[in-house]
Amino acid sequence: MSHHSDENAIYASTDSFWEVGNYKRTTKRIEDGNRLCDDLMKLVSERAEIEKMYAKNLKEWAKKWNNIIEKGPEYGTTEAAWKGVLMEAEQRCELHMRVRENLINDVHSSVKQWQRDNYHKSMMGQLKEKKDIEDMFKKAQKPWAKILEKVNKHKADYHNACKSERSAQNQERNAGGDSSLSPDQHNNMKVKKLQDRVSKAKEEVSRGREKYELTLREISDYNPKYIEEMIHVFDKAQEAESKRLMFFKDMLFATHKCLNISNDPSLPRIYEEFNHTVANADYEKDLKWWSNNHGVNMPMNWPSFEEYSEEFRDISGKGKRSGQIPEGAITLLNQRTVGDDLPEYTPDLHRISKKGTKGAVSGTGDVTLTSVKGPPNHTSPATSKASDNNRHSAISDPQESHEASNPFDEEDDPHSQNNGVSGDDDEWDYSDRMVDPNKPGVPVRALYDYEGVESDELSFKVGETFEKLEDEDEQGWCTGRKDGRIGLYPANYVELC
């Protein structure tokens with residue numbers, strides 16, 4: 001049925017689904033469903049971007065304030081409580097990044113795949129699903145639309161016949177009452193002509209009414225089949241739409257699951273840790289630390305009488321020497337006092353040769369070294385004795401120096417002297433690891449008992465907790481703080497809490 005036919009104009013105001021062409025609202029719904037998939041994906045992707053930007057801002061804020069706190073005057077456990085706020089932000093950053101990833105991976109990608117599976121565009125850009133349903137509606141409605149066209153035509157013919165009959169009757173009635181005409185003229189001319197017209201109009205009305213009623217019976221007989229076929233096609237459209245509605249409901253539930261961070265098991269842990277960090281702030285410990293490191297409890301080398309003693313070159317110690325000799329025990333084999341018989345100090349006397357094997361300071365000078373030892377990696381409590389021994393300097397028999405090769409032989413320099421201690425011009429650079437860094441440490445728990453051998457070592461029992469201040473060095477030792485005291489301990493004797 002043509003879209004430009006007269007019946008479209010006649011029934012333009014009707015709004016029933018059964019009217020010709022009104023099924024197009026149902027077919028348009030298929031096109032709307034495809035567009036709603038795009039809208040839902042856009043909604044989810046924009047929310048995911050918001051989560052990403054929020055996480056980024058949290059991370060940048062935490063980094064900024066960490067630098068401010070590090071350089072600021074706060075200290076001790078209260079400083080750690082400050083940093084607890086930043087730790088919460090960093091953990092929330094990770095949480096919101098997971099929300100963003102879940103929205104993209106679980107919701108956005110699912111909607112995109114469902115759209116691909118259920119909506120297929122033709123070469124002309126029209127959806128295949130919409131075209132199929134529309135063709136079925138047209139096929140079901142076409143026979144009924146043809147009958148309806150006949151009904152509307154016979155209806156119009158009948159109404160026009162009725163209108164003509166009434167007009168003829170009115171003219172006949174008016175002519176009968178016209179006094180200007182003579183009786184002969186009235187009988188012979190006007191009245192007869194009008195009577196014939198009225199008679200013909202009545203015949204036209206009768207024939208039009210008969211045809212009109214006939215087509216009405218025809219369309220009434222066809223209505224059940226028309227209804228059945230239209231319902232069948234409509235049910236198919238409803239079934240497709242029901243799949244979309246149920247899928248969208250599932251996706252909105254999935255969105256709720258992604259955004260509902262209250263069900264994330266990491267969220268309560270974040271705030272439990274935050275609360276624990278703030279609760280650990282102890283003003284008494286902080287005041288005691290300040291007193292020990294900057295106050296009245298600091299040790300003091302009070303002036304006292306000192307006898308004169310000859311100077312000796314100190315070559316032992318736990319500090320690192322700049323650049324040349326690694327950490328570890330140094331075996332001292334020979335030592336001479338500094339006297340007037342030694343030649344004048346020159347940089348050549350302190351040059352350490354890279355030739356030879358490790359072990360001894362060269363020449364007939366003051367000190368002979370046979371080995372530079374570093375403690376092995378700590379793998380079990382059984383190795384602690386060896387590690388402790390390696391941390392101390394050992395004095396051995398001077399005769400052993402003649403058996404060991406000299407790793408510090410002088411380079412071929414005719415002006416060099418083998419007197420004094422070989423080395424660089426710089427003095428030994430000792431790292432002061434016993435000074436509190438004025439920052440909170442990492443909590444650790446003892447795996448084994450350890451009894452400190454030297455005064456700068458910590459002692460602890462299995463299960464005790466304290467703070468790690470510096471990471472493990474090359475020799476396997478860490479710096480820690482226990483009960484307000486700073487000291488060293490073997491790294492493999494503890495684990496992170």
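This passage describes the fold, the sheet, the salt bridges and a nonpolar surface patch of a predicted model.

The protein chain is built from nine helices and seven strands. Of its 497 residues, 35% are buried. The accessible surface amounts to about 32000 Å², and carbon and sulfur atoms account for 51% of that area. Contacts across the chain give a further view of the fold: when residues at least 6 apart in sequence are considered, 76% of the contacts join residues at least 24 apart.

The sheet is a good place to start a tour of the model. Five strands form an open sheet in the order 6-5-4-3-7, and their pairing is antiparallel. Strand 6 and strand 7 (494-496) occupy the edges; each has a single partner strand, so one side of each remains without a neighbour in the sheet. From one strand to the next, the twist averages 45°. As a general point, strands of a sheet pair through backbone hydrogen bonds, in either a parallel or an antiparallel way.

Within this sheet, strand 5 can be followed on both of its sides. Towards strand 6, the antiparallel pairing runs over six bridges, and one of the matched pairs is W477 with its bridge partner P490 in strand 6. The two strands form a hairpin in which two residues lie between them. D483, in the turn of this hairpin, has a positive phi of about 55°. Although strand 6 (residues 485-490) stands at an edge of the sheet, this strand is mostly covered, with five of its six residues buried. Towards strand 4, strand 5 again pairs in the antiparallel sense, here over three bridges.

The pairing of strand 4 and strand 5 also brings a charged pair into view. E467 has R481 as its bridge partner in strand 5, and the side chains of these residues meet in a salt bridge, with an N to O distance of 3.0 Å. The pair links distant parts of the chain, with R481 in strand 5 (residues 477-482) and E467 in strand 4 (residues 465-470), 14 residues apart. The two partners fall into separate accessibility classes. R481 has a relative accessible area of 10%, which is under the 20% limit, and therefore counts as buried. E467, at 24% relative accessibility, is partly exposed.

This salt bridge belongs to a wider set, as the structure holds 20 salt bridges. In general, side chains of opposite charge can pair when their charged atoms come close. Two further examples lie within helices. In helix 2, the side chains of K28 and D32 meet in a salt bridge with an N to O distance of 3.1 Å. K28 and D32 are four residues apart, about one turn of the helix. Both are partly exposed, K28 with a relative accessible area of 43% and D32 with one of 21%. Helix 5 (residues 183-259) offers a pair with a spacing of three residues, also about one turn of the helix: R207 and E204. The closest N and O atoms of this salt bridge are 2.3 Å apart. R207 is partly exposed at 40% relative accessibility, and E204 is partly exposed at 41%. Salt bridges can also be joined into a network, as is the case for E70, E79 and K83.

The surface carries a nonpolar feature as well. W61, W65, I68, W82 and V85 make a nonpolar patch of about 440 Å². Helix 2 (24-71) and helix 3 (76-118) are the elements that give two or more residues to this patch. Helix 2 supplies the largest share, with three residues. W82 is found in helix 3. With a relative accessible area of 41%, W82 is partly exposed, and because this value is over the 30% needed for patch residues, W82 meets the accessibility condition for the patch.

Taken together, the model combines nine helices and seven strands with an open five-stranded sheet, 20 salt bridges and a nonpolar surface patch to which helix 2 and helix 3 contribute.

Technical notes: Residues are numbered from 1 along each chain as its sequence is written. This is a predicted model: local features need pLDDT of at least 70, side-chain atom pairs count only at pLDDT 80 or more; totals for chains, interfaces and linings use all residues. Side-chain values use heavy atoms; hydrogens and water are left out. Patches are made of residues with over 30% relative accessible area and no salt bridge: like charges are joined within 9 Å, nonpolar side chains (Val, Leu, Ile, Met, Phe, Trp, Tyr) within 5 Å. Accessible areas come from the Shrake-Rupley method with a 1.4 Å probe; for residues, only the protein chains shown count as cover. A salt bridge is a side-chain nitrogen of Lys or Arg within 4 Å of a carboxyl oxygen of Asp or Glu. Buried means under 20% relative accessible area, exposed over 50%, partly exposed in between (1.4 Å probe, protein chains only). Two strands pair if DSSP finds at least two bridges between them. Contact means heavy atoms within 4.5 Å. Axes are lines fitted to C-alpha atoms, for helices over the stretch in contact, and angles run from 0 to 180 degrees between N-to-C directions.
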